[in-house]
Amino acid sequence: MKRTDHDRRAEAIAWMIRLREGVGPETEEFVSWLEESAGNRTAFDQLAWADADAFGALEDQRSVPPAREFVTMPATRSRWWLGPAVGAAIAAAFSAVLLFPRGAAPQLISTGPGEQRTIALADGSRIELNGDTRLLVGNRQSRDVSLQSGQAYFAVVHDPTRPFRVRVGKATIEDVGTAFAITRDANRLEVSVEEGRVEFQSGPNSVTLGAGEAINSSATGMRATKIDRSDVAGWRKGIFSYSGRPIGEVVEDVERARGYRLDVDSQAKSRPFSGTIVLPQDPTAAVRKLGLLLGLDVIQRGERWQLRSKTSVAK
Amino acid sequence: MTRSGFGARASGAGLRLVEGSQRPLQIALLENRGLLLRFLAARGVPDPEDVYQELWARLVNDHSISHDPLSYVMKSAHNLVIDRIRSSRQRLLREKAFHELSDVTDGLAGEASRSDRILIARQEVERARSAISELGERNSKIFYRFRVDGLSRPEIAREFAISVSAVEKHLSRAYRRLTELADAPDVSSPERGSVIMAAKTEQ
């Protein structure tokens, strides 16, 4: 009698349970069952994904993410208004819209780790700062800013008579009507373009980047790459996307965006990571998920988390 | 005295350090190489040898102790397959765009955009969540203990004061409910399937 899909499914479930518990001496039998028919393999594959999704769902169930808070901050208040006692967890959920003062002197706008902020300029352009970022702005009318460190996303209203310029160290990035993002830290300068065109100038070199293009400048040189446009400044949406980037960089980005304090062992830091990470709001759930996706063990020590090379692979 | 010079072996409740020997996980990997390659091939990976190497690389520094190393290796192999397919789903689309520029339109036209795929992944977890909550509190608790906390059927049976076969019924029910969702037309199983076949190794 022909076996039905229902039978296969029941068998697949029985094998999944044994696999999770420890399939041990029955491994041979299990593999033979998979090899027996394409129907068995499909049934098991479907179940494997259901099983993986279930893990995600059950994990998330542990915590209800806090509601995102939007606050309009008076221009005279600096971020210190928050006070040092405000924990990283609150900062992580905190996003402020800064209304820039009219005719004010050049001002340094900075965000703490995990704090994100939006700056509205007079011409309708918008700058979004990720956590742990410092940006120098002339005044609200200015179209000339300087990114000292961190990550920022620029949605620029184009004005041919007054180009929008971002200075980053020795480099200048000039918009030709566009949305783009810049990352600057000790080791790298990265410009990625979501829309329009951007002129990147560093010393005698000049490159024009179109939508879906990025340039990565580090000690080892400059490298232009194609990117997915929806990846640009993924931090605004809590999405972290990478293709063969070192784990150290991934962790740095998460620290910046969320304000967590993470330590990675040096061995793991240089390992490449490819993939997209979407983190839940709850810090504990987020760090656990991060560890899971990077293949690292997570140990909480007070306010810090240690991410260590796995001593255990099985979930 | 370095850690790598020793193999750890569990014996009964105690732990024995076996100097100079290979660790049980390595032994299990070596002794069951053929079986593992067959498993990986049956799970649809196009490059079982490479995945086996990756599994080796993952487990060679694994100092955890298992009474049943083959079970541990199989669980790891299963997880590795899932992880690889997940990340290759993303990478593959990129590689296509990079290296087969002439095929870009063909290669990407049928695919959902990245944000759509992220959305699909979220929806899958969301569906799984609602499916689990539909199971009722007791059943979803049992499933949680099994799937997340990694308890065995007998352990769960003791905790909930029910029979082992009752635990099995609960687990089957949970899995059946979850796979019924996978039958729904808008779930991305076909996409997953096609990526399994095309997945490449990243060295």
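Two residues are in contact if their C-beta atoms, placed from the backbone, lie within 7 Å. By that rule, Ile182(A) touches Leu147(A), Gln151(A), Ala152(A), Val166(A), Val168(A), Ile173(A), Glu190(A) and Val191(A), leaving out residues up to four places away in sequence.

This is a predicted model, in which local features need pLDDT of at least 70 and side-chain atom pairs count only at pLDDT 80 or more, while totals for chains, interfaces and linings use all residues. Residues are numbered from 1 along each chain as its sequence is written, and chains are lettered from A and ligands numbered from 1 in the order in which they are written.

**Cores**

A residue is buried if 20 or more other C-beta atoms lie within 10 Å of its own, exposed if 12 or fewer, and partly exposed in between. A nonpolar core is a set of buried Ala, Val, Leu, Ile, Met, Phe, Trp, Tyr and Cys residues joined through C-beta atoms within 7 Å. The largest nonpolar core has 54 residues. Ile182(A) is among those that touch the most other members, as are Leu135(A) and Phe154(A). Strand S7 (residues 144–155) of chain A gives the most to this core, six residues. A second, separate core has 51 residues, including Leu29(B) and Phe39(B).

**Chain B**

Helices (H or I, at least four residues) and strands (E, at least two) are DSSP runs, numbered from the N terminus. Chain B has 10 helices and two strands. Of its 203 residues, 29% are buried.

Helices H7 (residues 137–147) and H8 (residues 153–160) of chain B have axes that come within 10 Å and cross at roughly 140°. H7(B) is therefore oblique to H8(B); angles under 35 degrees count as roughly parallel, over 145 as roughly antiparallel, 65 to 115 as roughly perpendicular and the rest as oblique. Ile142(B), Arg145(B) and Phe146(B) of H7(B) make the contact with Ile156(B), Glu159(B) and Phe160(B) of H8(B).

**Positive phi in chain A**

Most residues other than glycine have a negative phi. Two residues of chain A that are not glycine have a positive one.

| Residue | Phi | Loop between | C-beta neighbours within 10 Å |
|---|---|---|---|
| Asp132(A) | about 55° | S5 (126–129) and S6 (133–137) | 21 |
| Ala233(A) | near 50° | S15 (221–226) and S16 (239–246) | 21 |

Asp132(A) counts as buried because it has 21 such neighbours. Ala233(A) is buried too.

Methods
Axes are lines fitted to C-alpha atoms, for helices over the stretch in contact, and angles run from 0 to 180 degrees between N-to-C directions.
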